[in-house]
Each structure stands twice: as C-alpha cells, then as structure tokens.
Amino acid sequence: MDMMEKLEILTESAKYDVACTSSGSKRSGQAGSLGNAVSFGICHSFAADGRCISLLKVLMTNGCIYDCAYCINRKSNPIRRAAFTPQEIADITMQFYRRNYIEGLFLSSGIMRSSDYTTEQLIAALELLRNEYKFRGYIHVKAIPGADDALLSRLGMLADRMSVNIELPSQESLHRLAPDKSKQSILQPMNLIKNKITENSTELVKYRHAPRFAPAGQSTQMIIGATPDTDYQILNLTEGLYKKYKLKRIFYSAYTPVVEDSLLPSLDTKPPLLREHRLYQADWLLRFYGFEAKELLDEAAPNFNPLLDPKCSWAINHREQFPVEVNRAPYEMLLRVPGIGVRSAQRIIKARRAGTLDFHALKKLGVVLKRAQFFITCKGRPLEGLKVGEHTLLRSLMSGQELAKFQQPEIEQLSFFDDSYLAALPEAGRAASFSYGG
Ligand code: SF4
C-alpha cells in the first residue's frame, strides 16, 4: 500500500475524534476558483497564545484489538486497515510542515497488540520528530488507556498536549459499549498526567530550563447521544473532571452512527448537534461564569431546553434574583445576566467607578440589551418602554435559529412559561408587562 493510500485511510479514520477541533468542512474544488476542503486530514487547535493552528490529524493505525461498539475502527468492523511506522509518521509530518500545510501534529491510534506496545510506537514517532528532526512544533498525542505509567510519562515529555478519551458518560454505558475498557483504565492515566503536570510546574520554578511535561495540559472527549445518559449526568461528570483532573478542555462529540449495532441508535439517527451545542454552552458557564452543574440541571429536569440556552433557562427559572441593578451588582451576579458576558461584566465594573451607568452606556460596553433588558435596571429603573410579554421575551432570548424552530407550525403554540412567570416578575418588570403586554 503506498503512503498516499495509507494517509487517506488513517486521516479518514481519525476524523471522529474531536479532542482537537476539526473543521469538518467538505468542499470540492471548482474550475476558476482556488482551493478545496476535506472533512479529515487537517484539524485546528489553539496555541497557548490564542493562535489558531492547523494540525495533521492522523492515526498510527486504524487496526484495533478492542471492539468498542460506537467506533468505526472496532475490530469487528470490516473496513480497510492500514498502519504507519514511526518513521513514516515522522517523515509525513516533516514533509507537511516544510510545505507549510500544517503547524503541528495530532496523533492517535487504535490499539495494536497491547496498550504498552502502541504507546511505545507513539513514543518512537515523537522521539524521531523531536530528537532527530528537531521538530519544535505543536504535538497533541493520545494516551492509550491501560498503558504503563513509565511509558505515559515518557510520552508526555515529548508532547505539548495529551488526551485520554473518557468516551462515555457512565460506567454502565462504558461496560455495555466498550467492554474492553474500564473507568479505572481511563482515569488512571488522566490522574498520572495531572500529577506529572503539577510536579513539572514545581520543577520549572526551581529550574527554568527543566524539560516540560505536556505544557498545554490535557483534554478529553465524550460521545453524546449513543447512550441514554442525561445532560445532568454528563454535566456532573464534566464538573468532576475539571475539578479533579484539571483538564484544559472537554470536547463533546454528537454521536454519528457509523456501524450497525443493536446497542446503538439506528444508522439513520441524526447526530444530536443542538444537544452538543447546549453542552458546550453549559461547559462555558462552569468554566468562566461561576455556575455549578447542580444549578443548571437536576434530577427532575435532567436535560437542557433545546430552545433556550442554559444561561437564559437558568435566569427564567430564578427570576426571584432579578432585576439586577447594574450600578451596584457584584461581578458574580452581573455574569449571570443573559446578554452580559465576561468582558462586558469586567467593563461594567471598571466603568461604573467613573460614574453611574445608563442603558446607552451599557450598549457601548458590549452588553446585548436585547437579552439583558428583561433582567436589569439602571439607576433603579427598567429600560423605558420595555415589553415583557411571553412572546416578546422568547423572541428576544432565542437566537435566530432557535426562533426559526420555535416558529415552526407544529411547535408554534408551545409555551415556556406558565402565567406564574409574569406574576412573579419583580415590581418594575411586572409594571412593564401589564402596561405593554406581549
Ligand atoms: S480502543 Fe479506540 S480505536 Fe479501538 S475500538 Fe475502542 S475507540 Fe476504537
């Protein structure tokens, strides 16, 4: 098999791993235009300085001794198999890099022979790149569950970022769909990587030139929609992983059926992209907005509202905390107002030291008044002429796409709010609602 054929198979097989962000676009070239795009091969990641960099995303092999039901590379799936040698991986990376196609490498692999053997192959490829070719570009490498700690420690000294995929949100789902893996075999390398990064940061304080262990941290990916796990379970797990293993990112991957299996949704099931999007929004709220998982969902309402983003849903369900007076509210509370983001909250805190803010000033500071207007007052007063009827509120809180769905005939009559919502609005808002209606 020639290199081009191998490359085609092994980049195609890698495209389902979202632990580094793939463009996912597929577009062929046209006469009279320039360029084309394929959904596999090159993915993107963000460097520590915020730059978006392109990576060659490839598997060492798509052969695997495991049989995870959701995976295209599972051993029982009759697909074309290929494998690169460490030398071939190093050579391709260098050739692509020299031609300016890529700035780094995302290397993963199916499990050949054993976890240890596979990890040794990954180490061999990275050692060639780092030591022989003196490649200093970005490398993201997959840690293989079940590999020996000493091997993973060596791997981490060669890579910028490592990831161990948790894959499924619960032990039960893992047991059912990936019987060769165990929670322990996934969490142990995650713990090792976390400890190594912590040890390394202490060494770096003492010795500035000490070798660095996975300086860009670790990440993981979770498949959404292949199992009956709820958003509440997923979000709780997410919160636990961020706290316990200090992950940089958790990537959610809407399950795309690729193999027929009685344990999985049927092949014509569409990937739950909106659910994936809601989980990313909630993940953002956990990391940057001071929310806890239990505030956003609970056992009684375990899934996100498809029509409203998690922050708006929270605000609607906690109307007793509004309106917020922007000239006095603490930073933490400003962050909870729909339409106020981290940047605009910081700008409000700074700007109000110089004087009292009005709605005009808020707009200039980047506040999305279309959303925020229902939840704030300036100098004790709501926005002049504010209408707080159910439909006005919905239209303002939904994005264009959500609104289009809401206006589909079959769900047009859907009501989010019982009348108690309007009745429970704070004085100022209630006056507006009864004056102007919806
Ligand atoms: S171990 Fe990885 S590559 Fe192998 S079947 Fe499972 S998910 Fe696929």
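Which hand does the crossing of α2 and α3 have, left or right? In this predicted model, the crossing of α2 and α3 is right-handed. Helix α2 spans residues 86–98, and its axis lies 8 Å from that of α3, at an angle of about 40 degrees. An angle of that value makes α2 oblique to α3. On the α2 side, the contact is formed by Pro86, Gln87, Ile89, Ala90, Thr93 and Met94. These residues meet Gln121, Ala124, Ala125, Leu128 and Leu129 of α3. Sorted by class, the contact of α2 with α3 comprises 8 nonpolar and 3 polar residues, and no charged residues.

A second helix pair is formed by α7 (residues 231–245) and α8 (residues 273–288), whose axes come within 11 Å and cross at roughly 40 degrees. This crossing angle makes α7 oblique to α8. The crossing in which α7 passes α8 is right-handed. From α7, the residues Asp231, Ile234, Leu235, Thr238, Glu239 and Tyr242 take part in the contact. Their partners in α8 are Arg275, Leu279, Ala282, Asp283, Leu286 and Arg287. The contact of α7 with α8 contains 6 nonpolar residues, 1 polar residue and 5 charged residues.

The ligand is surrounded by Cys64, Tyr66, Cys68, Cys71, Arg74, Gly110, Ile111 and Lys181. Of the residues in this shell, 5 are nonpolar, 1 is polar and 2 are charged.

Two features of the backbone were noted in loops. Most residues other than glycine have a negative phi, and most peptide bonds are trans. Lys134, by contrast, has a positive phi, near 55 degrees. Lys134 is located in the loop that runs between α3 (115–132) and β5 (138–142). The peptide bond from Phe322 to Pro323 is cis, and its omega is near 5 degrees. Pro323 belongs to the loop between α10 (310–317) and β9 (324–325).

The confidence of the prediction was examined along the chain. The mean pLDDT of the chain is 83, with 83% of its residues at 70 or more. In residues 20–25, pLDDT stays under 50, and the model has 21 contacts beyond four places in sequence for this segment. Residues 409–438 likewise have pLDDT under 50 throughout. For residues 409–438, the model has 47 contacts beyond four places in sequence.

Methods: Residues are numbered from 1 along each chain as its sequence is written. This is a predicted model: local features need pLDDT of at least 70, side-chain atom pairs count only at pLDDT 80 or more; totals for chains, interfaces and linings use all residues. Side-chain values use heavy atoms; hydrogens and water are left out. Axes are lines fitted to C-alpha atoms, for helices over the stretch in contact, and angles run from 0 to 180 degrees between N-to-C directions. Helices (H or I, at least four residues) and strands (E, at least two) are DSSP runs, numbered from the N terminus. Angles under 35 degrees count as roughly parallel, over 145 as roughly antiparallel, 65 to 115 as roughly perpendicular and the rest as oblique. A crossing is left-handed if the near helix is turned anticlockwise from the far one by less than a right angle, and right-handed if clockwise. Contact means heavy atoms within 4.5 Å. Ala, Val, Leu, Ile, Met, Phe, Trp, Tyr, Cys and Pro count as nonpolar, Asp, Glu, Lys and Arg as charged, and the others, Gly among them, as polar. A residue is near a molecule or strand if one of its heavy atoms lies within 4 Å of it. pLDDT is the predictor's confidence in each residue, from 0 to 100.
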